Number of protein chains: 2
Amino acid sequence: MINKDPIYQQLNNELRELLSGDQFKVGDKFLTERTICDRYDVSRTTANKALSNLVSEGLLKFKKGVGTFIQEKPEIGKLHSITSFTENTKRAGMDPTSEVLRFERIKASDVDVIANEKLQIDNSEDLFRIERLRKANGSPMILEDRFIVAKYCPGLFEHSLKGSLYAIFEETYGLNITSTDETIQAVILDDYQADLLGVESGMAGFLVSAVGYIDDETPLWWETTLHKPDGFEFRCKVKPKQNQQKLEGRVLFDNPNHK
Amino acid sequence: MINKDPIYQQLNNELRELLSGDQFKVGDKFLTERTICDRYDVSRTTANKALSNLVSEGLLKFKKGVGTFIQEKPEIGKLHSITSFTENTKRAGMDPTSEVLRFERIKASDVDVIANEKLQIDNSEDLFRIERLRKANGSPMILEDRFIVAKYCPGLFEHSLKGSLYAIFEETYGLNITSTDETIQAVILDDYQADLLGVESGMAGFLVSAVGYIDDETPLWWETTLHKPDGFEFRCKVKPKQNQQKLEGRVLFDNPNHK
DNA sequence: AATTGTAACGTGGCTTATCCACCATACAGT
DNA sequence: ACTGTATGGTGGATAAGCCACGTTACAATT
């Protein structure tokens with residue numbers, strides 16, 4: 001199938017993917033305009049245009065007479081503001097595991113009205129419900145609960161859910177995940193939650209609720225993730241003059257900062 | 001003084017400012033390449049390059065044969081992920097006020113070591129400390145505490161602090177504010193905080209700590225803002241394929257969502 | 001008067017060519 | 001070993017030309 005996007009936008013995407021791979025790291029010199037001309041068979045003007053787009057996104061920095069340098073690695077495919085639990089835990093030298101507390105097919109009429117609102121469905125729809133407790137070295141860190149519109153992925157029960165749920169959506173069902181919309185709240189854990197996360201009742205943790213969309217506006221899933229108190233924080237860097245924000249939520253393992 | 005940035009980057013900035021003003025709204029048709037050529041005396045290639053940068057930032061959308069349309073208004077000058085309390089409160093039809101609890105000049109040796117770490121100063125430095133309680137219609141919503149490195153704005157005591165502190169930094173002292181770096185935590189309010197915010201002890205609220213920088217890497221201020229429980233939330237929209245995130249923290253006045 | 005078709009114009013897309021200024025490197029001369 | 005200069009590689013900017021797409025205006029037909 002012929003891609004109808006302009007060539008420079010296709011080039012943008014290819015360059016972002018190249019950037020996000022293992023071949024380059026921050027500080028490295030990236031491809032030059034002329035190298036891109038040769039490799040992708042485009043004009044210098046088109047190559048420069050694509051590169052300058054990545055410069056304005058804050059990923060690259062032009063140095064005239066020297067080259068193009070990597071300022072920041074893009075995180076293509078990163079669906080949430082929260083860094084992947086699995087990769088973050090491994091990076092901390094710990095073993096990430098998941099305990100599936102619940103995996104069932106239910107009717108929309110059986111769940112909270114808020115889930116149906118978020119998913120824009122009526123009571124007759126079927127949903128999958130998946131509840132998991134995420135652990136690092138056996139210690140509970142995150143309690144997550146997810147409702148997925150069953151009609152978009154009918155055979156989901158046949159999957160083990162060991163790997164990435166999103167990879168299953170995209171690769172097995174061909175779903176085009178386009179965005180997520182998260183709400184972040186500070187809440188007090190109730191007894192059930194505190195018990196599962198192995199903390200005392202009454203502590204404060206982050207509750208992140210999110211809708212995931214396919215094809216721009218169609219809700220596919222609704223999830224809530226509750227983080228262990230003192231086990232999580234958000235960092236946000238804002239550059240007002242470049243209209244740039246970068247938010248990162250990450251699990252904390254040794255509680256370096258106490259208030 | 002001559003601006004040494006490339007012409008297309010200066011043009012980027014001017015177009016972002018034009019976009020963020022009152023002249024255009026989302027959905028409107030923006031300037032064409034050829035209009036920009038005429039108005040700013042640049043080549044078509046340079047005009048197209050600048051526009052395509054704003055397209056890749058998600059602000060504009062090109063439609064070949066039709067024109068260039070506004071997809072999103074930039075928020076230039078917005079220093080934090082949090083929407084301005086003053087404008088948010090007014091937008092909700094309420095009256096925003098501030099009670100200054102403390103405004104004093106102190107030695108760095110007299111404050112928590114963490115403030116000195118964040119500000120990268122030693123104990124002999126002078127700081128201004130400003131503590132305020134922000135209210136909507138008289139009801140406390142935010143408790144904020146700020147330390148400012150005195151040497152960059154020596155006469156700060158002479159200002160009323162009724163207006164924007166950041167406007168004073170930039171207009172009166174000529175400081176070049178370049179970024180902020182925030183940490184967001186979920187905390188339990190202590191008795192002092194709960195009392196000031198008019199809630200019971202033991203409730204969960206957001207604690208946002210931030211360093212503000214001038215000239216890229218020099219810390220100017222360190223602040224902590226504690227939000228009234230149930231009186232605040234963050235929303236974040238993520239588009240993984242375009243490497244885009246949009247975070248907005250906002251004060252809630254009528255607690256529409258309860259967990 | 002309504003409909004249809006076509007030409008013209010305005011829009012962004014892309015290429016080629018040229019020349020520029022900046023920076024790093026290599027080499028020659030001292 | 002140091003300095004100066006030439007060269008090559010880098011991004012910056014412009015001009016010109018042509019393309020495809022979409023809209024609009026106008027003429028022809030019914």
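A residue is called buried here when its relative accessible area is under 20%, exposed when that area is over 50%, and partly exposed in between, using a 1.4 Å probe and protein chains only. By that yardstick A:Phe206 is buried, because its relative accessibility comes out at 2%. The model is predicted, so to speak of local features takes a pLDDT of at least 70 and side-chain atom pairs count only at pLDDT 80 or more, while totals for chains, interfaces and linings use all residues. Residues are numbered from 1 along each chain as its sequence is written, chains are lettered from A and ligands numbered from 1 in the order in which they are written, and side-chain values use heavy atoms, with hydrogens and water left out.

Chain A splits into domain 1 (7-70) and domain 2 (85-251), with bounds that come from an automatic or database domain assignment. Taken over C-alpha atoms, the centres of these two domains of chain A sit 34 Å apart.

Back to A:Phe206, which is part of strand E7 (residues 204-214) of chain A. Helices (H or I, at least four residues) and strands (E, at least two) are DSSP runs, numbered from the N terminus. Leaving out residues up to four places away in sequence, A:Phe206 makes contact (heavy atoms within 4.5 Å) with residues of both chains, including A:Ile184, A:Phe234, B:Ile184 and B:Phe206. Another of its partners is A:Gln185; the pair is 21 residues apart in sequence, yet 5.7 Å apart in space, C-alpha to C-alpha. A:Phe206 also turns up in the largest nonpolar core, a set of 32 residues, where those with the most contacts inside it are A:Ile184, A:Phe206, A:Phe234, A:Leu247, B:Ile184, B:Phe206 and B:Phe234. Such a core is made of buried Ala, Val, Leu, Ile, Met, Phe, Trp, Tyr and Cys residues joined through side-chain atoms within 4.5 Å.

Now for the DNA. A residue is near a strand if one of its heavy atoms lies within 4 Å of it. Around DNA strand D there are 23 residues, and A:Arg44, A:Gly65, A:Thr68, B:Ile7 and B:Thr46 come nearest. Sugar or phosphate accounts for 62% of the strand D atoms within 4 Å of the protein, and bases for the rest. Polar contacts (pairs of N or O atoms within 3.5 Å; within protein, one must be able to donate a hydrogen and the other to accept it, and residues adjacent in sequence count only if both atoms are side-chain atoms) reach both parts of the strand. A polar side-chain atom of A:Arg44 is 2.8 Å from a base oxygen of strand D, and a polar backbone atom of A:Gly65 is 2.9 Å from a base nitrogen. A polar backbone atom of B:Ile7 lies 2.3 Å from a phosphate oxygen of strand D. H3(B) gives the most to this surface, with 4 residues.

DNA strand C also has 23 residues around it, with A:Ile7, A:Thr46, B:Arg44, B:Gly65 and B:Thr68 coming nearest. Of the strand C atoms within 4 Å of the protein, 64% belong to sugar and phosphate. A:Ser43 places a polar side-chain atom 3.2 Å from a phosphate oxygen of strand C, whereas a side-chain N or O atom of A:Thr45 is 3.0 Å from a base oxygen. For strand C, H3(A) gives the most to the surface, with 4 residues.
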